[in-house]
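User: I would like to learn how to read a structure of this kind feature by feature, with the general idea first and the particular case after it.

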Amino acid sequence: VSRLLIWFLVFPRLIRWVLGLAAWTGIVIAAIAVAPVTTVAVTGLFIAWWRGWPPVRLRRAAAWSLPMTAAWMLVTAVTTRSAFAVIAAPFTSWLASWHAFSYGATSAAFVLAAPVAVPAGLLVASWAWQLRIYRIETGLAGATATAPVAFDHRQWNRQARTATRTNTAPGLVPLTNRGGQIVIGGTIRAVGHPWRPVLAIPAGAMGRHQVVIGSSGSGKTNLMIRTWAGWYTATRRAAHHGAPRPLLVVLDCKGGPDARAKAARTTRLLAAAGASDVRVWPDASPVSLWSLPPRELAVTLFQLLDTAREGPAAYYADVTQAVVILAITAPPGPPTGSAGFLGRLDPVWLERAWASDWTRLPAVRAAAKHLPDIALRYRTLMDRLGPGFDGTATLNDADAWYLILEGTKEPSVAQAQALAITELLACTATSMDTEPRSILLACDDYSAVSGKVPLWQLYERGRSLGIGVQVSAQSWHGLGASDDERYRIAATADGGIWLMRTPHPEPLAQLAGTRRVVETATKITDGTWGDEGTSRIQHAFVADPGIARRLVTGQAAYIRSGGCTWVHIARPKPSPIPAAAAPVSRPHQSRKAA
Amino acid sequence: MNPRTVLLAVIRSIRLALARLRHGRPGILAARLAAAIAMTETTLHSGAGPAAIAGTLAGIVTWLAVTARGDFAPPPGR
């Protein structure tokens with residue numbers, strides 16, 4: 001029995017132990033033999049661990065150190081004029097390096113070895129770091145079963161610290177990079193996306209639809225302002241090469257003093273980014289609702305009122321609509337202000353205006369008895385809407401609009417204002433008589449005013465008009481009234497989804513999809529982890545909802561195309577150096593001319 | 001090309017670089033430059049061959065060019 005035990009239990013373990021010892025001895029001897037490469041590899045490995053670098057960053061560092069190898073080989077070729085000398089150079093340099101080291105000339109030893117040792121060492125470090133991560137993540141290494149969790153947590157902290165440090169370098173986080181992409185901030189971690197030290201998204205992504213979800217205090221405003229300024233800068237630069245000028249329309253749907261502070265900050269930033277005309281509505285600059293084409297104006301005015309769509313009360317809705325159409329399309333032309341419109345809701349005025357049109361006159365007479373009521377309702381509506389729509393400006397007159405809707409204080413008024421503004425924007429986007437513009441509509445907390453125009457409708461309308469729409473909500477539930485609406489919005493956000501700290505990130509994490517990971521289960525023997533176990537392929541979230549829940553202020557996930565990049569958003573700051581070029585302006589070029 | 005135009009362009013580039021540096025992180029860039037100069041000095045006085053010195057200097061220049069980008073403020077319009 002004892003012989004069998006030795007043969008089957010002790011002997012295999014002994015063999016394994018001896019083989020392991022031999023392998024490690026070989027590795028140590030090789031590491032000493034190529035000491036310069038080992039030194040660089042160990043240093044690279046330590047830096048990667050300490051700063052939370054992914055292996056690809058070490059590979060890029062190795063690639064960036066290749067010019068030194070190229071220069072070294074070139075000078076070797078020129079000085080020796082021998083191909084053999086160039087081929088043998090790594091070996092001869094290695095020998096010379098050891099020789100110098102043995103004489104105490106450390107700096108000479110380093111210089112002799114560096115052209116080969118630095119790229120090779122970094123490459124080895126990258127491989128070793130990748131192997132370490134793989135072994136830890138799959139459960140093949142680590143002292144305890146919780147090692148993968150602890151390792152991931154520690155690496156996240158280091159990656160987040162590195163990303164924060166990246167954001168302090170002004171040259172790394174401009175509003176846009178050299179390629180015209182919108183720079184967001186230092187990358188923490190990339191899953192399913194190629195890793196870059198700084199996340200930059202194409203300006204075209206803003207021309208599609210984007211969703212931003214983040215609870216209060218998660219840094220949503222900072223992110224949105226950065227994307228607006230970045231988009232404006234990129235589109236303005238494209239306008240220098242013949243593309244349409246940018247028109248940014250921001251709907252701040254919560255209102256209040258915070259909205260004023262945000263408007264002032266956005267105005268300052270956009271002005272520094274080259275926007276010469278940024279207007280804040282309704283505080284500083286009213287807009288003209290009456291510039292809408294007569295038919296659209298009539299429909300909008302009718303929609304502004306709350307009317308019954310079904311039942312006996314629908315009769316009054318039809319009468320109101322007929323009266324509004326008669327008042328707006330009357331032969332003298334559409335009214336130019338609310339006072340003019342209210343003045344038309346008068347039987348005498350309407351009868352005089354339509355006196356020459358025998359086909360419409362009976363309609364005017366039939367509606368006459370309802371006119372005082374309709375006039376009263378519109379007078380109340382205009383009083384509530386305020387003077388914000390009685391200006392002379394159109395949306396196309398400015399570079400950017402910051403529109404403040406008091407969605408928290410006066411929801412019903414803000415809903416009506418939101419409806420009117422979306423109509424004005426649609427008119428700006430489709431008008432053939434005005435200059436074509438590249439439009440981005442950004443709606444901050446739109447759910448506060450979505451009563452008359454649901455978000456999904458705004459989205460679909462924006463898509464059909466070629467307007468980029470960016471919407472933000474404080475939670476998944478703030479996106480829409482039902483799950484159907486929410487999924488309709490989130491699933492069509494082809495410009496990407498920004499996920500910030502939120503207590504319910506699962507639906508968005510599901511939209512990001514899953515990736516395949518190896519899960520290892522280890523057998524427990526006598527209360528300790530044994531050396532047997534099983535591994536299997538499992539699916540894990542690309543955008544880990546656990547991470548999304550514990551994000552700190554300023555951190556976000558950018559979900560797009562089945563991948564997710566975790567990023568620390570840099571505070572938006574335009575170049576402090578004034579641009580020499582004059583702002584682009586082609587105010588007289590209409591769409592027809594274009 | 002007109003030499004005057006070239007000269008003006010060079011002067012403009014230098015002025016822009018100085019403005020970007022002033023609004024960037026001049027302290028950190030100075031530390032980087034000091035480190036690069038120290039490494040260059042060590043390399044030149046190491047006694048290694050010309051090929052190894054040239055290679056190491058190329059590495060120092062590449063490192064400086066790649067890492068110093070972040071120390072400059074963004075150019076106008078970005």
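User: Let me begin with accessibility: is Leu9(A) buried, partly exposed or exposed?

Analyst: The general idea is a scale of relative accessible area, computed with a 1.4 Å probe on the protein chains only, where buried means under 20%, exposed over 50%, and partly exposed in between. Leu9(A) has a relative accessible area of 46% and is therefore partly exposed. Its place is in helix α1 (residues 2–33) of chain A, where helices (H or I, at least four residues) and strands (E, at least two) are DSSP runs, numbered from the N terminus.

User: What kind of model is this, and which conventions should I keep in mind?

Analyst: It is a predicted model, in which local features need pLDDT of at least 70 and side-chain atom pairs count only at pLDDT 80 or more, while totals for chains, interfaces and linings use all residues. Residues are numbered from 1 along each chain as its sequence is written, chains are lettered from A and ligands numbered from 1 in the order in which they are written, and side-chain values use heavy atoms, with hydrogens and water left out.

User: What mean pLDDT does each chain have?

Analyst: As a general notion, pLDDT is the predictor's confidence in each residue, from 0 to 100. Chain A averages 88, with 96% of the residues scoring at least 70. Over residues 581–588 of chain A the pLDDT is below 50, and this stretch has 16 contacts in the model beyond near neighbours in sequence, a contact being heavy atoms within 4.5 Å. Chain B has a mean of 92, and 99% of its residues reach 70 or more; within chain B, confidence is lowest in helix α1 (residues 3–22), at a mean of 90, and highest in helix α2 (residues 26–44), at 96. For the complex, the predictor gives an ipTM of 0.91 and a pTM of 0.88.

User: How many cavities does a search of the whole structure find?

Analyst: On a 1 Å grid over the protein atoms alone, a cavity is a set of points where a 1.4 Å probe fits but cannot get out, and its lining residues have an atom within 4 Å of a point. Grid points are joined across faces, edges and corners, and a volume is the space filled by probe spheres set on the points. The search finds three cavities of 30 Å³ or more, and the largest has a volume of about 100 Å³. Elements α17 (411–430) and α18 (455–465) of chain A each give two or more residues to the lining of the largest cavity, with the largest share, five residues, coming from α18(A).

User: How do the residues of that lining divide by character?

Analyst: The classes are nonpolar (Ala, Val, Leu, Ile, Met, Phe, Trp, Tyr, Cys and Pro), charged (Asp, Glu, Lys and Arg) and polar (the others, Gly among them). The lining of the largest cavity divides into eight nonpolar, three polar and one charged; among its residues are Leu425(A), Gln457(A) and Arg461(A).

User: Which residues lie nearest the centre of the second largest cavity?

Analyst: They are Trp53(A), Arg57(A), Thr162(A), Thr187(A) and Trp195(A), out of 13 lining residues, around a space of about 70 Å³. The largest share of this lining, four residues, comes from α7(A), and its residues divide into six nonpolar, five polar and two charged.

User: How far does helix α9 of chain A reach from its first C-alpha to its last?

Analyst: The expected span of a helix is 1.5 Å times one less than its number of residues. Helix α9 (residues 220–239) of chain A has 20 residues and reaches 28 Å, close to the 28 Å expected; 17 of its 20 residues are buried.

User: Why does Ile213(A) count as buried?

Analyst: Ile213(A) counts as buried because its relative accessibility is 1%. It is in strand β3 (residues 209–213) of chain A, and its contacts beyond four places in sequence include Lys220(A), Trp476(A), Trp498(A) and Leu508(A).

User: Which backbone angles deserve a second look?

Analyst: A cis peptide bond, with omega about 0°, joins Trp281(A) and Pro282(A). Arg81(A) has a positive phi of about 50° although it is not a glycine; Arg81(A) lies in the loop between α4 (66–80) and α5 (83–102) of chain A and, at 74% relative accessibility, counts as exposed.

Methods: 1 Å grid on protein atoms, 1.4 Å probe; cavity = no way out; pocket = protein on both sides within 12 Å on 5 of 7 lines; lining within 4 Å.
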